[in-house]
Amino acid sequence: MDLANAALLPIDMQRGFDGPPWPRRWNSRLDANGLALLAAWRATGRPLIHVRHDSVEPGSVFAAGSPGNALRDGFEPKAGEPLVSKSVNAAFIGTDLDLRLRRLGVDTVVTFGVSTDMCVSTTVRVGANLGYRMILVGDACDCFDLPDGRGGTVKAEDVHRAHLATLGYEFATVIDTAALLTALSATRAA
């Protein structure tokens, strides 16, 4: 796995996903996997750009300055780590993310976050369309149970699995946390 010109992009690791109005989430390993990725990535000195959803919708749990807008414990940027603020699903739309990555010489974007089927998926798709090699760390993502439009519910695990399959088929390389940690360890040893 070539990570020589890669950047890490944690997406919407925000407190607002931890309660109403959101339905059940499934991935109890989200924070542990995400924090392990951040620690290992930081140790390599590679670029890291945080993404936060700053909603412009009245009353949104993600409105700038609201408690739900804050990043989850441990996911806050450290000194010198930039944060991109977005107001739509894709981190590339209406932001300077593409410009930042190109100025850094990045050709590969490694990403994880919330939610698999919304902001993560949309960012991966747009990134791939812009020419980036996208790597999605699937077990460091999470999503929610969704209504199926017929009175039932699609379980979050099924939503997640379907999106990983779609993204892996055409838009990204889908891996797990252990694989990325191994690849980062190998590049540090080389």
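This passage describes strands, helices and selected loop residues of one predicted model.

Residues are numbered from 1 along each chain as its sequence is written, and side-chain values use heavy atoms, with hydrogens and water left out. Because the model is predicted, local features need pLDDT of at least 70 and side-chain atom pairs count only at pLDDT 80 or more, while totals for chains, interfaces and linings use all residues. Helices (H or I, at least four residues) and strands (E, at least two) are DSSP runs, numbered from the N terminus.

Strand β4 spans residues 108-114. Seven of its seven residues are buried (under 20% relative accessible area, with exposed meaning over 50% and partly exposed in between; 1.4 Å probe, protein chains only). The strand is therefore largely enclosed by the rest of the structure. Thr-108, Val-110, Phe-112 and Val-114 point one way from β4. Val-109, Thr-111 and Gly-113 point the other way. Both sets are buried.

Strand β4 pairs with β1 and with β5 (two strands pair if DSSP finds at least two bridges between them). Six bridges join β4 to β1 (residues 6-11), and the two run parallel. Leu-8 stands opposite Val-110 of β4. Six bridges also join β4 to β5, again in parallel. Here Val-114 has Asp-142 of β5 as its bridge partner. The chain passes from β4 through α3 to β5 in a right-handed β-α-β crossover. Right-handed means that, with the strands pointing away from the viewer, the path from the first strand over the helix to the second runs clockwise.

The buried residues of helix α3 are Thr-116, Asp-117, Cys-119, Val-120, Ser-121, Thr-123, Val-124 and Gly-127. Their cover includes β1, β3, β4, β5, β6 and α4 (contact means heavy atoms within 4.5 Å). Just after α3, Gly-131 takes a positive phi of about 100°.

Helix α4 (residues 156-170) has 15 residues. From first C-alpha to last, α4 reaches 22 Å, close to the 21 Å expected at 1.5 Å a residue (1.5 Å times one less than the number of residues). Ala-156, Val-159, His-160, Leu-164 and Leu-167 of α4 are buried. They cover an arc of only 125° around the axis, which puts them on the same side of α4. The arc is that of the directions from the helix axis to the C-beta atoms. The face turned away from this buried side carries the exposed residues Arg-161, Tyr-169 and Glu-170. Elements covering the buried residues of α4 include α3 (116-129), β5 (133-142), β6 (146-147), β7 (153-154) and β8 (173-175).

Helix α1 also has 15 residues and reaches 22 Å between its first and last C-alpha, close to the expected 21 Å. Leu-30, Asn-33, Gly-34, Leu-37, Leu-38, Ala-40 and Trp-41 are buried in α1. Gly-45, just after α1, takes a positive phi of about 80°. Leu-48 lies in the loop between α1 (30-44) and β2. At 6% relative accessibility, Leu-48 counts as buried. Leaving out residues up to four places away in sequence, Leu-48 touches Leu-8, Pro-10, Leu-38, Trp-41, Arg-42, Glu-81 and Pro-82.

Four bridges join β2 to β3, and these strands run parallel. Arg-52 stands opposite Ser-85 in β3. Val-84 and Lys-86 form the covered face of β3, whereas Leu-83 and Ser-85 form the uncovered one.

The loop between β2 (50-53) and β3 (83-86) holds Ser-55. Asn-69 also lies in the loop between β2 and β3. Ser-55 is buried, with a relative accessible area of 13%. Its side chain reaches the backbone nitrogen of Glu-57 at 3.0 Å. Ser-55 touches Ser-60, Phe-62, Ala-63 and Ala-64, not counting residues up to four places away in sequence.

Asn-69 is buried, with a relative accessible area of 6%. A polar atom of its side chain lies 3.0 Å from the backbone oxygen of His-53. The side chain of Asn-69 also makes a polar contact with the side chain of Asp-54 (2.8 Å). A polar contact is a pair of N or O atoms within 3.5 Å; within protein, one must be able to donate a hydrogen and the other to accept it, and residues adjacent in sequence count only if both atoms are side-chain atoms. Beyond residues up to four places away in sequence, Asn-69 touches Gln-14, Arg-52, His-53, Asp-54, Val-61, Phe-62, Ala-63 and Ala-64. Leu-48 and Asn-69 are 21 residues apart in sequence and 20 Å apart in space, C-alpha to C-alpha.
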